[in-house]
Amino acid sequence: ILNTKNIFAYSFYLAYRSWQHQVYKKALALCAEHRFDLIHFVNPIGYREPGYLWKIDLPYVWGPIGGTVNVPEALWPSLSGTGMIKLRFRAMVNQMQLKYNPRVKRALKNTDLLMSATSENQINIFRYFGKESKVLPENGIPDAWLYNLPAADIVVKDSLTAVWIGSVDERKALITLLKAIQGIKKPEKFRLLVIGEGYLRPSLMQYAESVGISQCISWVGNVGRDEVMQYIRSSDLLIITSVSEGNPTTVWEVMAQSIPVLTVDHCGMHDSINEMNGIKIPLKTYDQVVHDFRTAIDDLTDHPEKVAALKRSTGKQLTHYLWSTRMQLLNTYYEEAI
């Protein structure tokens, strides 16, 4: 009840644990009545609640899981004082859970095949638990999403339209992009669509006005999915500035429309974005990240043919990320677990 009333969000884990125990009892009843070849436990990607299905004597697959990675120190300057306190608290709790959660350790010991949502999580899981895992994003591109934009229809434009999508809060760190936009060489050739709402939206709109970049930005707000897709199809680039993610759905939504991604090189974007479908900003210092975002925007506005080339190559890579392809891969994992 506390969680649903948004009074104490972490009470979700207590409710979820109780629900998983009911799932376990239901699974035992089903196993008594039917023959199963294996169990695949698919959960919200956080590793903290492993459920109880690993107790059943069947080949066991778990994942993809994540949540083991903390926000890199290089991105801390994007956070407020309150955000920093929350970050440090989460990092402390995360460290304790990774080291001392006995149910997670028992579940991993009884897992025949484990999948990690990102390579960063794969590294941490092996570091803390000595458990090998396969990297597989928790989401992908449904075949029905494909826009099938012919390469011949991708033309070189004389301006760059970028889209930023998400909750306007500290985790998504839109402030990093706003700082990067300050000082771009050709602001008249750059337009940013901000799709989403959040408690930081009013202050960031005020910030954009105060530093003279508001003319580059359209604050779209929350709109329906069909309208979001229209904005995506009219854009040239998705920009991701998040300090923490798994594999954001927006990555797959835009790539399905042959739109490349500009992002910090971490989280799931580290694994899914490459030189064929986007640009990754190295993660060294915060000032460097802001500078490199600005440089990338300048380069794309100076050389619009690069944008068109990225769109074409993004479209050529889509089959690798389709759910139909993922299902074939999962079937090989199931055979391996059995």
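These exercises work through a predicted model of one protein chain.

Local features are taken only where pLDDT is at least 70 and side-chain atom pairs only at pLDDT 80 or more, while totals for chains, interfaces and linings use all residues. Residues are numbered from 1 along each chain as its sequence is written, and side-chain values use heavy atoms, with hydrogens and water left out.

**Exercise 1.** State how many helices and strands the chain has, and compare its radius of gyration with that of a compact globule.

Solution. Helices (H or I, at least four residues) and strands (E, at least two) are DSSP runs numbered from the N terminus. The chain has 12 helices and 10 strands. The radius of gyration is taken over C-alpha atoms, and the globule rule is 2.2 Å times the number of residues to the power 0.38. For 338 residues, the rule gives a value near 20 Å; the chain has 22 Å, which agrees.

**Exercise 2.** Place Thr176 in the chain, classify it as buried or exposed, and list its contacts beyond its neighbours in sequence.

Solution. Thr176 belongs to helix 5, residues 174-181. Buried means under 20% relative accessible area, exposed over 50%, and partly exposed in between (1.4 Å probe, protein chains only). Thr176 has 3% relative accessibility, so it counts as buried. Contact means heavy atoms within 4.5 Å. With neighbours within four places in sequence set aside, Thr176 touches Ser78, Thr241, Tyr286, Val289, Val290 and Phe293.

**Exercise 3.** Find the number of disulfides, then classify Cys31 and Cys216 by accessibility.

Solution. A disulfide is a covalent bond between the sulfur atoms of two cysteines. The search criterion is a pair of cysteine sulfur atoms within 2.5 Å. In the whole structure, the search finds zero disulfides. Cys31 counts as partly exposed because its relative accessibility is 28%. Cys216 counts as buried because its relative accessibility is 2%.

**Exercise 4.** Describe the peptide bond from Gly63 to Pro64, and the phi values of Ala173 and Ser258.

Solution. Start with the peptide bond. From Gly63 to Pro64 it is cis, with omega near 5 degrees, and Pro64 lies in strand 2, residues 60-65. Next come the phi values. Ala173 is not a glycine, yet its phi is positive, near 55 degrees. Ala173 sits in the loop between strand 5 (160-165) and helix 5, and it is buried because its relative accessible area is 2%. Ser258, also not a glycine, has a positive phi of about 65 degrees. Ser258 is in the loop between helix 8 (249-255) and strand 9 (261-264), and with 6% relative accessibility it counts as buried.
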